[in-house]
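Visitor: I would like to learn how to read a model of this kind feature by feature. Could you take me through the general idea each time and then turn to the case at hand?

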Amino acid sequence: MNKKFLSAILFGALMVTSTGTFVSCKDYDDDIDRIDNTLNDLKSKLDALQTKVDAGKYVTNVATTADGITITLSDGTSYPITNGKDGDKGEAGVAGDKVEISEDGFFIINGKTTEWKAVAKDAAGQTIKIKAPTVAADGTWVFYDEKGEPQSTTIKVAPVTAVQNEDKTWTLTVWDADGKSQTIKLPTAASMITEAEVLGYLYTSTGAYTADGYWYPIAEGVSNYNVIPYNFSIVGNLTDAQTKWNKETGVKKLVKGQALSTIASYRSNLMVRIAPAALDASELSLSLVNSKLANAPIVLGTPETYTGLLTRAAVSGNGLWVVPVSAEEGKTYKDEAAYLAQFQINDMNSDGTVNNTNLIAFALQEEGGFTTSFDLSFERNTNLSLTTGLQDYYNVELNEETSVRFYTPANVYDAHIHFSDADVIRWGIVYNGGIDFTVAKLADQITVPSISATVHYVTMDGQVHETPITIKPSKVNANMTELAKNTISVKADNSKNNFTADLTPMFNNLGTTATTLWRADVKTQSIELYKVKSGDEMYDTEIANYTTQVAVSYDKAALGEINKIKVALAASNTLSRFENYYLIVNYFDNSGEVLSTLKVPFNITIPTLTSLLNKEKVVFGGTANGTGVMNENDLNSNGDAIYSLKYAFNKLSDAFAGNTQITFGIDANQTIKVDGNDVKMRTLATVNAPSTKDASIQLTDKKNAYNKAINMVVTSASYLGKYAYTADELKTAAFTMKVVSPIEQGTLEAAAGADAIINVVATEDGTAKVSESDLVAKTYAGVAYKVFKDKFNGAELTASAWTTPYIKADASFESTNTNVFTMGSVNAATRTDKGVVTPGYVVVKPMNVAYEDAVPVKITVVDAWGYKKEATIKVKVSPKK
């Protein structure tokens with residue numbers, strides 16, 4: 001190439017500037033890696049470009065500028081690539097070359113069509129791909145003919161070029177001073193397609209009725225998948241009505257021989273799935289072709305994102321697009337057979353009758369060449385109606401667009417509405433010559449007009465219709481007033497399940513004068529209850545018979561005097577706490593016209609499970625880990641180790657009020673080590689009466705489950721018997737519980753202190769006593785109890801039991817040094833006939849009175865459950881002085 005024309009300065013100054021980052025397709029990493037290492041700044045920016053394409057971005061526009069080329073990507077960012085300008089020596093930039101392919105297959109350079117083709121057809125009608133242009137040594141473009149022979153030109157090549165390839169990708173080329181080039185292939189939407197399929201014909205599958213009794217669509221489906229049914233007619237000699245139609249402004253004309261088909265009818269759409277799902281299919285140019293790549297007699301419009309709800313379709317993944325379908329303009333047919341021949345091939349009998357009909361298979365094809373499987377066909381069904389009627393009466397809201405509703409929109413070729421000029425001015429009617437209109441104002445608040453209009457439309461049988469309709473605007477003093485959302489916290493006492501809201505916002509919207517009129521005119525009301533759409537739902541859902549769910553009342557008996565609205569839950573309501581609701585209240589005058597509309601949003605909640613199970617701090621200490629101390633109320637004659645959960649939670653019985661259901665259990669997965677083996681806790685402990693307020697934990701293995709943290713769970717719960725708690729909510733109520741004895745966990749020591757020595761003196765018989773007064777015993781809760789029997793039954797003078805219910809047997813005492821003294825009998829408290837009590841005691845038998853050292857004595861108290869409290873005291877026996 002000409003080194004002066006492509007100087008190193010021009011290339012060295014080439015730069016990429018953008019609010020974004022210039023990136024390339026991930027399929028072309030090697031191309032970017034080959035960029036000269038001396039061009040560090042450019043390389044870093046092209047590397048950043050790589051990241052963009054790796055993220056799925058692609059080219060949406062290429063434009064030449066005075067000093068280079070601007071690339072625009074699918075994320076909306078633009079990237080000017082300049083050369084020379086602001087270079088090392090400040091030389092002026094040079095415009096880039098944009099080489100693209102025209103619709104008829106010729107190369108275009110910077111907007112000028114050349115004589116050189118990019119694609120051509122051979123004698124058999126097959127497409128021939130012609131070699132892309134290259135650059136000669138003198139820096140000029142070289143094109144190629146259909147035989148692949150080079151054809152020189154005098155057209156100079158710019159330092160930066162963008163050449164459109166036959167598959168719609170772009171090749172970006174940058175030249176250096178030595179004639180070497182760096183090439184990056186940039187994808188477009190068309191070249192990014194990996195999969196496409198026509199799911200079928202879009203139709204309305206589910207509908208509902210408006211308050212005034214008219215049907216409207218809710219969800220859509222895809223009809224017949226691969227075989228699309230249709231019907232059609234051929235326009236004959238134009239009738240007077242058709243000729244008159246053609247004279248109207250802006251209408252789709254009728255021509256003799258024209259096919260009117262439900263395939264390409266008024267507002268027809270195909271449902272198409274295109275992958276990757278992130279691809280912007282609106283950039284594509286689509287058509288339907290047969291296996292000979294001949295187009296079907298219909299035109300596919302620009303794809304539009306589908307955001308509706310499908311109820312029937314074999315759809316995998318997303319990437320759904322709606323493709324508008326219209327008839328190929330200007331095409332006429334000799335007869336029905338000529339039109340049918342584009343969709344089917346007939347096997348004929350010798351007598352000229354049809355023996356068999358074979359449907360022609362079509363595929364979806366993108367302009368860049370991507371073609372789907374040939375699995376779509378069209379089959380005529382003469383039973384399909386070609387005509388339709390329409391809704392002829394409309395209640396409309398001010399400033400809300402309304403559309404004429406046809407019963408079968410697929411059977412309408414074209415339609416528009418006619419208003420008188422006077423009505424347009426009087427009522428502020430806005431319409432665009434189609435079937436959509438808006439009433440913007442009323443003449444006054446007393447007179448409510450009924451506006452007359454005429455809908456002109458042509459059905460697919462070629463008939464022209466002029467149908468009058470009546471439009472009645474609502475008498476609205478203000479737009480709908482939406483109150484702040486309220487929450488009803490459900491309680492067991494249903495009389496408390498309500499909220500009251502102030503109506504001041506509605507009256508403020510009306511204004512002072514309109515409020516005065518409203519109060520004078522309001523006579524009746526209508527109330528509707530709706531569930532707000534959620535998940536995949538497209539629309540809010542009206543709940544029939546709202547009175548079974550809520551009751552609405554006011555602070556005053558007369559509607560004209562009201563200031564507050566009260567909404568209360570019906571006792572038998574079935575509203576969900578996981579949904580949102582609202583009431584629509586319309587207020588009417590005596591003639592039934594709407595004066596105002598009120599929207600009252602609300603939802604319901606229930607208490608958290610943890611608030612129902614209010615943990616006792618003395619048991620849990622502010623944590624989820626509790627220690628349950630058994631007590632006399634759970635004590636039975638068998639000595640079973642039982643702990644009632646009512647002692648763990650504050651007013652547990654209240655949690656079960658109003659038929660609330662809670663079931664406790666032990667975590668099925670919990671194991672502990674027993675003799676070195678993993679053992680399920682459920683085999684060591686159980687929950688008695690688990691679904692009642694009397695639920696209790698019982699240690700079925702009193703040894704191995706004692707004082708072990710048992711993982712407790714709530715396996716199911718339902719507030720008031722109707723609001724089930726979720727699995728996640730149940731998890732929040734989990735806790736652990738250690739079941740212990742008040743005696744075993746209590747204390748037992750010398751009365752003077754844990755380390756004190758109990759001094760006892762030998763009596764005349766040579767023995768001594770450790771008395772009750774020498775000891776102090778307390779339960780886990782710090783409640784003192786007697787080690788020796790202290791309870792007298794009736795008139796007995798010797799105690800036969802213990803005041804504490806937790807002791808059922810005498811304690812045992814053992815000297816640790818029997819050479820000093822031994823322990824004798826354990827004696828109960830006694831009393832005189834005058835009631836003087838002598839505490840119980842244990843006899844100490846000195847073996848060597850002269851030996852006065854303190855000796856540890858082991859005391860074992862066995863409680864009513866069989867658990868032992870073991871303690872050691874120090875006893876010193878002194879001789880009697």
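Visitor: Leaving aside neighbours within four places in sequence, which residues is Ile 565 in contact with?

Guide: Keep in mind throughout that this is a predicted model. In soluble globular proteins, nonpolar side chains tend to be buried together. Here, once neighbours within four places are set aside, Ile 565 is in contact with Leu 483, Phe 499, Thr 500, Ala 501, Leu 503, Val 552, Ser 553, Tyr 554, Val 585, Tyr 587, Leu 598 and Val 600. Ile 565 also belongs, with Tyr 587 and Phe 664, to the residues that have the most contacts inside the largest nonpolar core, a set of 111 residues. Apart from that core lies another, of 35 residues, which includes Ala 190, Leu 270, Leu 286 and Leu 288.

Visitor: How many helices and strands are there in the chain, and what percentage of its residues count as buried?

Guide: The chain holds 13 helices and 68 strands, and 45% of its 881 residues count as buried. Among contacts with a separation of 6 or more, 62% are made by residues 24 or more positions apart. The accessible surface comes to about 42,600 Å², with 48% of this belonging to carbon and sulfur atoms.

Visitor: Turning to a single strand, which way do the side chains of β60 point?

Guide: The side chains of β60, residues 775-778, alternate: Leu 775 and Ala 777 point to one face and are buried, whereas Val 776 and Lys 778 point to the other and are not buried. On the pairing side, β60 joins strand β57 (residues 747-750) in the antiparallel sense over four bridges, and Ala 777 is the bridge partner of Leu 748. β60 also pairs with strand β61 (residues 784-785), again in the antiparallel sense, over two bridges, with Ala 784 of β61 as the bridge partner of Lys 778. Five residues lie between the strands in the hairpin of β60 and β61, where Gly 782 takes a positive phi near 85 degrees.

Visitor: How should I read a charged residue such as Lys 98: does it count as buried or exposed?

Guide: Lys 98, which is found in strand β5 (residues 97-101), counts as buried because its relative accessibility is 15%, and the cut-off for buried is under 20%. A polar atom of the Lys 98 side chain lies 2.6 Å from the backbone oxygen of Val 62. Beyond four places in sequence, the residues that Lys 98 touches are Val 62, Ala 63, Thr 64, Ile 108, Ile 109, Asn 110, Ala 162 and Trp 170.

Visitor: Which residue forms a salt bridge with Lys 98?

Guide: Side chains of opposite charge can pair when their charged atoms come close. In this case the partner of Lys 98 is Glu 100, with the closest N and O atoms 3.8 Å apart; Glu 100 counts as partly exposed, at 22% relative accessibility.

Visitor: What parts of the chain does the salt bridge between Lys 531 and Glu 579 tie together?

Guide: The side chains of Lys 531 and Glu 579 meet at 3.7 Å, N to O. Lys 531 lies in strand β41 (residues 524-531) and Glu 579 in the loop between β44 (564-569) and β45 (581-588), so the pair ties together parts that are 48 residues apart in sequence. Both Lys 531 and Glu 579 are buried, and a network of salt bridges links these two residues with Glu 537.

Visitor: How many salt bridges does the structure hold?

Guide: The structure holds 12 salt bridges, one of them between Lys 693 and Asp 694, whose closest N and O atoms are 3.7 Å apart. Lys 693 counts as partly exposed, at 41% relative accessibility, and Asp 694 likewise counts as partly exposed, at 44%.

Definitions and conventions:
Residues numbered from 1 in each chain as written. Predicted model: local features only at pLDDT ≥ 70, side-chain atom pairs only at ≥ 80, totals over all residues. Heavy atoms only, no water. Core = buried A, V, L, I, M, F, W, Y, C linked by side-chain atoms within 4.5 Å. Buried < 20%, exposed > 50% of the residue type's maximum accessible area, 1.4 Å probe, protein only. Contact = heavy atoms within 4.5 Å. Polar contact = N/O pair within 3.5 Å; in protein donor to acceptor, adjacent residues only side chain to side chain. Areas by Shrake-Rupley, 256 points an atom, 1.4 Å probe, with all protein chains shown as cover. Pairing = 2+ DSSP bridges. Salt bridge = Lys/Arg side-chain N within 4 Å of Asp/Glu carboxyl O.
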